Amino acid sequence: MEFEWVLHEEVHAVLNQLHTILLECVRRFPVPLCGNDGAQKQDKFVLTAPPEQLKCVVTVTGDSITHADINFKVQRQQNVIHRTMIQNDNPWKLQQVQDAGNHLQQAILHIENVDKDYMFKSSEEVLHVLGNILGCLQRGRSSLIVPRKRTIDDLMKSRNMKSLAPSLPEDLAISFYIQSHKLIFAVYQLSNVHGTMKFDSHQAECSIPWLNEVLVLFTVALQLSQQLKDKICVFSQYRDFTVGSRSNSALSW
């Protein structure tokens, strides 16, 4: 009877709670999601690394860097200051924000596809829905926490490098990416050592408040989904054990 109550009542209550949490998460995102076509949020940040190695003033609009003043020195040319800019007409795309938003929208769709009056008939049905939701939430959170690994060659040839004006010398590359609640600015200097390409790197970072809030909400939603999944699994195993015990008793009798 308790298992029936969980299937028919608690699952819907948790899905409703999850829906509320994820809509709060949507409201924190600086890009239009789930039909929310509000104006894209604009923030300005300063990223520096002492002693006067890197300085970058960026304007982030939605999921793009729409303006940046970039100044940096590299290890083997300490007397040379490299300067470049990003302008509004050719922004630097922060793909991780868009990816996380897409996964968040997908998780919400999985919840909304379950009719509020639907009567779940088995644990398998619930676990299928929860599996889809958990997958979306894990991918969304990972998009922000774990930047995709890219080779130096990939960075040099990336579309984003074309956003820089003036362009950098061939032995230099830069990158902007998100890691957890931080925006990272990295500079790479390539060198050929006995026929092997190596690079030196420097980076600066700053904290982005909305990212911290989004990650907290992703984590809360993941924990809630996992708790319900664990409860359903326990009930399902207990039911299978009980049915198995009864069958064995009947056979021995």
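Let me start with Glu205, which is partly exposed, with a relative accessible area of 38%, and which in this predicted model forms a salt bridge with Lys182, the closest N and O atoms being 2.8 Å apart. Because Glu205 sits in strand S9 (residues 196-207) while Lys182 sits in strand S8 (residues 182-193), this pair ties together parts of the chain that are 23 residues apart in sequence. Lys182, for its part, also counts as partly exposed, at 28% relative accessibility.

How many salt bridges does the structure hold? There are 8 salt bridges, and I would like to walk through two others that you can find in the model above. One of them brings together the side chains of Arg28 and Glu24, with 2.8 Å from N to O. Both of these residues belong to helix H1, where Arg28 and Glu24 are 4 residues apart, about one turn of the helix. Arg28 is partly exposed, with a relative accessible area of 29%, and Glu24 is likewise partly exposed, with a value of 27%. This pair is also part of something wider, since salt bridges that share partners join Glu24, Arg27, Arg28 and Glu213 into one network.

The other one to look at is between Asp99 and Arg148, whose closest N and O atoms are 3.8 Å apart. Here the pair links distant parts of the chain, with Asp99 in helix H2 (residues 95-112) and Arg148 in the loop between helix H3 (123-145) and helix H4 (152-157), 49 residues apart. Arg148 counts as exposed, at 69% relative accessibility.

Let me turn now from charged side chains to aromatic rings. The count here comes to 5 aromatic pairs, and one of them is formed by Phe29 and Trp210, a tilted pair with 5.5 Å centre to centre and 50° between the planes. Which parts of the chain does this pair tie together? Phe29 lies in the loop between helix H1 (2-28) and strand S1 (42-49), and Trp210 lies in helix H5 (residues 209-252), so the two rings connect parts that are 181 residues apart in sequence. Phe29 is buried, with a relative accessible area of 6%, and Trp210 is buried as well, with a relative accessible area of 7%.

A further aromatic pair is that of Phe176 and Phe185, which is stacked, with 5.0 Å centre to centre and 25° between the planes. Phe176 and Phe185 are both buried, and if you follow the ring pairs onward you will see that they link Trp92, Phe176 and Phe185 into a cluster.

Finally, a word on the cysteines, where the question is how many disulfides there are. The count comes to 0 disulfides, and Cys233 gives us a case to reason through. The cysteine sulfur closest to that of Cys233 is in Cys136, and because the two sulfurs are 18 Å apart, they are too far from each other for a bond, given that a disulfide needs a pair of cysteine sulfur atoms within 2.5 Å. As for their surroundings, Cys233 counts as partly exposed, at 24% relative accessibility, whereas Cys25 counts as buried, at 0% relative accessibility.

To gather the picture together before we look at the model again, we have the bridge from Glu205 to Lys182, the network that includes Arg28 and Glu24, the tilted pair of Phe29 and Trp210, and the ring cluster of Trp92, Phe176 and Phe185.

Terms used:
Residues numbered from 1 in each chain as written. Predicted model: local features only at pLDDT ≥ 70, side-chain atom pairs only at ≥ 80, totals over all residues. Heavy atoms only, no water. Buried < 20%, exposed > 50% of the residue type's maximum accessible area, 1.4 Å probe, protein only. Phe/Tyr/Trp six-rings, centres within 6.5 Å; stacked < 30°, edge-to-face > 60°. Helix = DSSP H or I, 4+ residues; strand = E, 2+ residues; numbered from the N terminus. Salt bridge = Lys/Arg side-chain N within 4 Å of Asp/Glu carboxyl O.
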